[in-house]
Amino acid sequence: MKLYNTLTKQKEEFVPVHEGKVGMYVCGPTVYNYIHIGNARPMIVFDTVRRYFEYKGYDVNYVSNFTDVDDKIIKKANEEGVPASEISERFIAECKKDMEGLNIEPATHNPKATEEIDGMIAMISTLIEKGYAYEKNGTVYFRTRKFKNYGQLSKKNLDDMRAGIRIAVSDEKEDAMDFVLWKPKKEGEPAWVSPWGEGRPGWHIECSEMSKKYIGDTIDIHAGGEDLVFPHHENEIAQSEACNDEKFANYWMHNAFLNIDNKKMSKSAGNFFTVREISEKYPLQVIRFFMLSAHYRSPLNFSDTLVEASKNGLERILTAVDHLREVLLAAPEGELTAEDQKHMEEVTSLKEKYEAAMEDDFNTADAIAAIFELVKLANITAESGSKVYVQHLFDTIVQLCDILGIITEKKEELLDDDIEALIEERQAARKAKNFARADEIRDMLADKGIILEDTRAGVKWKRA
C-alpha cells in the first residue's frame with residue numbers, strides 16, 4: 001500500500017510502527033459553531049482511509065481531537081454571556097450529529113484539549129528544561145531556531161517566513177519566528193494553574209500532547225487539511241521531536257481545499273455553508289459520495305451541478321443493489337454454470353481493480369469507477385445468474401461501498417400524508433414551545449430526504 005507523504009513529497013510504501021496496527025491522528029475542529037462543508041472533507045477522507053485499513057485487517061487507533069479552548073469560542077461565549085465550556089459542549093454535540101449524518105465512524109479517542117492540560121504543562125516544562133522554550137511575563141515561547149529541522153514539512157526557510165501568516169512579532173520574543181506554547185490569563189477567559197501563572201495552552205501544543213498520550217511518541221499517520229501544514233503541523237513536529245527525541249510522524253497526509261462554485265469559501269463572499277445547511281438541500285450520503293468522487297489531494301469544486309451528478313451516480317448504485325435484492329429472491333439454486341464462473345472472475349478482477357486504486361494513495365475516484373463497472377456487470381448478468389453468483393455480486397458491491405462509508409440500504413420513503421401529519425405535529429410542538437420535539441421532527445424528515453421551508457404562508461416541503 002502506497003501513500004503520498006507530504007514530508008517527502010512522494011508516494012511511499014506504508015510500513016507501520018507496530019505490525020498489524022495503525023496509529024492515526026487527525027486534527028479535529030474548533031468547536032464554536034456548526035462545522036462547515038470544508039471541515040467535512042478531511043473528516044470523510046480520513047474516515048475512508050481508516051475504513052480501508054480496517055478492511056485490510058489492521059487494528060486502527062484513530063484519534064481526532066476537539067479544540068474546545070480558543071479565542072473564537074471565548075468570543076462567542078462572551079457574546080452570549082455563558083461559560084466557554086457551554087459553547088464548546090453544545091457544538092461538540094452538534095458536530096457529532098453531523099458526523100453521524102455523514103456516516104463517519106466514531107474515533108477510537110476524541111480527546112478534548114481542556115481535559116489534557118496537565119499533559120501539556122508537563123510537555124512545556126520538558127521543553128523549557130531542554131532549552132527549547134523560555135518564559136517571559138507568563139508567556140512561554142518555543143525557540144524555533146534551536147530546532148534544526150524547522151521547515152522540513154512546509155519546505156519553508158526560517159528567514160523567508162518572518163512575514164508569514166499567523167506570526168505575531170513581539171518585543172518579548174527572542175526571535176520573531178518563536179511561537180507560543182502557553183499564554184497568560186486575560187480577564188473573562190478560562191484559565192488553568194501552571195508553573196508560569198494562570199493561563200491556557202497555545203493551539204499547537206494541544207495536538208502534540210494528545211497524539212503522544214493516545215498513540216505514542218511516534219505515530220504512523222498524521223492527517224488534516226492542507227491549510228494546517230504551516231504553521232500548525234510544522235510547529236507540532238518541532239515541539240514533539242524536541243520533547244520526545246523521536247520522529248513525530250512517519251507519514252503526513254493532507255487533503256486539498258474545497259471551493260464553492262470555483263471560489264474560496266468565505267463568509268464575506270456569501271458562499272459559506274455549514275454541513276447542517278447543506279443537509280437541508282441534499283442527503284448527507286450524497287455529500288459523502290461527492291467528496292470521494294475526486295482524489296483527496298485534488299482541489300474539489302462544490303457546485304449544485306456537480307453534486308446533482310453525484311446524487312444521480314449514487315442513485316445508480318443504490319438502484320442496482322436494490323435490484324440485486326429482488327433478483328436474489330427468485331434466483332435459482334444449484335451449482336455455478338460456466339457463464340457464472342466467467343462472471344465471477346470478472347467480479348474478482350473488478351474487486352482487485354478497486355483495491356489497487358485504494359492502495360495507490362487512496363484513489364477513491366478510481367475505486368468508485370470500479371464499483372460502477374460492477375453495477376454495469378450486475379445489470380447485464382444478474383437476472384440470468386444462479387443464487388450463488390448473484391449473492392457474491394451483491395456482497396461484493398455492498399462491501400466495497402461500505403469501505404467508502406456508502407450505505408446501500410435505501411431509506412423507506414414517507415408517504416405525502418405521513419409527511420403532512422408530521423409537519424402538523426411539528427407546528428403544534430412549536431406553538432407549545434416544545435422546540436426540542438419540533439427540531440427532532442425536522443431532523444427526522446431531513447434524514448428521510450424531506451426538506452422543510454418555513455415561509456409566511458406556512459411550511460412548504462419537498463423531497464431532496
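In which loop is the place of Lys433? In this predicted model, Lys433 is situated in the loop that connects α13 (416-431) with α14 (435-447). Although Lys433 is not a glycine, its phi is positive, at about 60°. The relative accessibility of Lys433 is 64%, so the residue counts as exposed, the cut-off being over 50%.

A comparable description applies to Asn262. This residue occupies the loop between β11 (258-260) and β12 (263-264). Its phi is near 65°, a positive value in a residue other than glycine. With a relative accessibility of 66%, Asn262 counts as exposed.

The overall organisation was considered next. The protein is divided into domain 1 (2-255), domain 2 (305-404) and domain 3 (416-463). Between the C-alpha centres of domain 2 and domain 3 the distance is 37 Å. The largest nonpolar core comprises 90 residues. Within this core, Phe53, Ile221, Ile287, Tyr354 and Phe362 have the most contacts. Because domain 1 (2-255) and domain 2 (305-404) both contribute residues to this core, it lies between them. In soluble globular proteins, nonpolar side chains tend to be buried together.

The surroundings of Phe53 illustrate the packing. When its neighbours within four places in sequence are set aside, Phe53 is in contact with Met1, Leu3, Phe14, Val22, Tyr58, Val60, Ile221 and Phe362. A second core, separate from the largest one, consists of 40 residues, including Val63, Ala113, Ala133 and Val229.

Helix packing was examined for α1 (residues 37-55) and α12 (residues 387-403). The axes of these two helices approach to within 8 Å and cross at roughly 130°. At this crossing angle, α1 is therefore oblique to α12. On the α1 side, the contact is formed by Thr48, Arg51, Tyr52 and Tyr55, while α12 supplies Gln399, Asp402 and Ile403. By character, the residues of this contact divide into three nonpolar, two polar and two charged.

Helix α6 (residues 229-244) was then considered. Of its 16 residues, 16 are buried, so the helix is largely enclosed by the rest of the structure. Pro231 is found in α6, and a cis peptide bond joins Phe230 to Pro231, with omega at about 5°. After α6 comes Asp245, which has a positive phi near 55°.

Two further positions relate sequence separation to distance in space. Thr337 is placed in the loop between α9 (304-330) and α10 (338-358). The relative accessible area of Thr337 is 41%, so this residue is partly exposed, lying between the cut-offs of 20% and 50%. Thr337 and Gly385 are 48 residues apart in sequence, and their C-alpha atoms are 8.2 Å apart in space.

Ser125 belongs to helix α4 (residues 117-129). Leaving aside neighbours within four places in sequence, Ser125 makes contact with Pro195 and Trp196. The C-alpha atoms of Ser125 and Asp59, which are 66 residues apart along the chain, are separated by 33 Å.

Technical notes
Residues are numbered from 1 along each chain as its sequence is written. This is a predicted model: local features need pLDDT of at least 70, side-chain atom pairs count only at pLDDT 80 or more; totals for chains, interfaces and linings use all residues. Side-chain values use heavy atoms; hydrogens and water are left out. A nonpolar core is a set of buried Ala, Val, Leu, Ile, Met, Phe, Trp, Tyr and Cys residues joined through side-chain atoms within 4.5 Å. Buried means under 20% relative accessible area, exposed over 50%, partly exposed in between (1.4 Å probe, protein chains only). Domain bounds come from an automatic or database domain assignment. Contact means heavy atoms within 4.5 Å. Axes are lines fitted to C-alpha atoms, for helices over the stretch in contact, and angles run from 0 to 180 degrees between N-to-C directions. Helices (H or I, at least four residues) and strands (E, at least two) are DSSP runs, numbered from the N terminus. Angles under 35 degrees count as roughly parallel, over 145 as roughly antiparallel, 65 to 115 as roughly perpendicular and the rest as oblique. Ala, Val, Leu, Ile, Met, Phe, Trp, Tyr, Cys and Pro count as nonpolar, Asp, Glu, Lys and Arg as charged, and the others, Gly among them, as polar.
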